[in-house]
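Open the model in your viewer and keep the selection tool at hand. We will go stop by stop.

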Amino acid sequence: MQVLGIDIGGTGIKGAPVDTDSGELLGERFRLLTPQPATPDAVIETVSELVTHFQWKGPVGCGFPGVVRHGRIDATANLSQDWIGVEAQKRFEQATGCSIAIANDADAAGLAEMRFGAGRDRDGLVFVVTLGTGIGTALFVDGHLVPNTELGHIEIRGKDAELRAADSARERKELSWKKWAARVDEYLHRMHALIWPDLIIIGGGVSKKHEKFLPLLTLDCEIVPAEMRNAAGIVGAALLQTRS
Ligand code: BGC
C-alpha cells in the first residue's frame with residue numbers, strides 16, 4: 001500500500017510517500033516549519049500544503065504530538081491548546097479530501113521501529129522514547145502497543161521531564177552532550193524503575209547523533225538507537241493506515 005506519511009512536530013511538519021510493505025520512502029522528504037502559534041487552522045493549512053506538494057489523492061497517515069483518541073485531540077504540550085477537543089481526523093479529511101488515519105507521533109514512530117527497525121521481532125516490554133521538541137513515549141508489550149502513554153511528562157526535580165531532557169532543552173540551554181546525557185540518563189533510570197523494560201529504543205532527530213550520548217548512559221538495560229532515525233515518524237504515520 002502507498003500512503004503519504006506526515007509527522008507533525010512541535011518544530012517541523014515532514015512528509016513523504018511510503019511503501020507500507022517495505023517501510024521505504026518512495027520519494028524525497030518535504031519539510032515545512034510548524035506555524036507559530038500552532039493553532040488548528042494554521043497546522044491544518046500546513047498539512048494541506050504538504051498534501052498539495054505531493055499532489056496526493058490517496059490515503060494519508062498523521063503522527064500528532066499529543067494524545068489522540070478516536071481521531072480527537074485530548075492533550076498536547078507543544079502545539080496550541082486550542083487543539084484540545086478538536087476532531088482532528090475529520091478536520092484533516094475535510095481540508096485535504098484524503099482519507100486520514102491519525103495517532104500520537106511517538107506511538108507512530110514506535111510502530112515503525114517495531115515493524116522495520118530496532119524492535120523487529122522483539123517480545124517483552126519495549127519502551128520507545130523520542131527526544132525532540134518534547135519527549136514522546138511508546139510502550140509495546142509482546143509487540144502490542146499500549147497507546148497514548150505520556151511518560152515524557154513525569155516529574156523530575158520538580159519539573160516536567162521533557163523540559164529538562166528533551167533535545168530542545170539541550171539546544172535551548174546550550175548543554176554539552178555530557179550534561180544533557182546525564183539528564184537523559186536520570187530520566188531513563190526513573191522510567192526503568194517504574195516499568196522495567198527489556199529494551200529501550202531512543203528515537204527522534206537526535207538519534208542520528210547517538211554516538212555522542214548513548215555511550216554516556218549508565219543504565220543497566222539494553223538501549224539502542226532507532227534504526228530508522230528520523231524517518232520512523234513518517235513511516236509509522238503511514239503504517240497507521242494499515243491498522244484496522
Ligand atoms: C507530548 C506527546 C508527544 C511528545 C513528542 C509531548 O510533549 O505530550 O504526546 O508524543 O511530546 O512529540
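Select Asn104 and the ligand. In this predicted model, an N or O atom in the side chain of Asn104 is 3.0 Å from an oxygen atom of the ligand. Now add Glu150. One of its polar side-chain atoms lies 2.5 Å from a ligand oxygen. Then pick Gly66. Here the backbone takes part: an N or O atom of the Gly66 main chain is 3.2 Å from an oxygen atom of the ligand. Next, show the surface. On its own the ligand has 310 Å² of accessible area, and the protein covers 93% of that.

Widen the selection to the whole shell. How many residues surround the ligand? There are 13. The closest are Asn104, Asp105, Glu150, His153 and Glu162. Color the shell by class. You should find six polar, four nonpolar and three charged residues.

Switch to cartoon view. Select helix 3, residues 105-116, and strand 10, residues 135-141. Each supplies at least two residues of the ligand's shell. Turn on pockets if your viewer has them. The ligand sits in the largest one.

Color by domain next. Domain 1 spans 2-107 + 232-243, and domain 2 spans 122-226. Why does the ligand lie between them? Both domains give residues to the shell around the ligand, so it lies between the two.

Leave the ligand for two backbone stops. Select Gln36 and Pro37. The peptide bond from Gln36 to Pro37 is cis, with omega near -5°. Look at what flanks Pro37: it is in the loop between strand 4 (30-33) and helix 1 (40-53).

Now go back to strand 10 and follow the chain to Asp142. Which loop holds Asp142? It is the one between strand 10 and strand 11 (144-146). Check the backbone angles there. Phi of Asp142 is near 45°, a positive value in a residue other than glycine. Both stops are worth a look because most peptide bonds are trans, and most residues other than glycine have a negative phi.

Technical notes: Residues are numbered from 1 along each chain as its sequence is written. This is a predicted model: local features need pLDDT of at least 70, side-chain atom pairs count only at pLDDT 80 or more; totals for chains, interfaces and linings use all residues. Side-chain values use heavy atoms; hydrogens and water are left out. A residue is near a molecule or strand if one of its heavy atoms lies within 4 Å of it. A polar contact is a pair of N or O atoms within 3.5 Å; within protein, one must be able to donate a hydrogen and the other to accept it, and residues adjacent in sequence count only if both atoms are side-chain atoms. Accessible areas come from the Shrake-Rupley method with a 1.4 Å probe; for residues, only the protein chains shown count as cover. On a 1 Å grid over the protein atoms alone, a cavity is a set of points where a 1.4 Å probe fits but cannot get out, and a pocket is an open set with protein on both sides within 12 Å along at least five of seven lines; lining residues have an atom within 4 Å of a point. A molecule sits in a cavity or pocket if more than half of its atoms lie within 2 Å of its grid points. Helices (H or I, at least four residues) and strands (E, at least two) are DSSP runs, numbered from the N terminus. Ala, Val, Leu, Ile, Met, Phe, Trp, Tyr, Cys and Pro count as nonpolar, Asp, Glu, Lys and Arg as charged, and the others, Gly among them, as polar. Domain bounds come from an automatic or database domain assignment.
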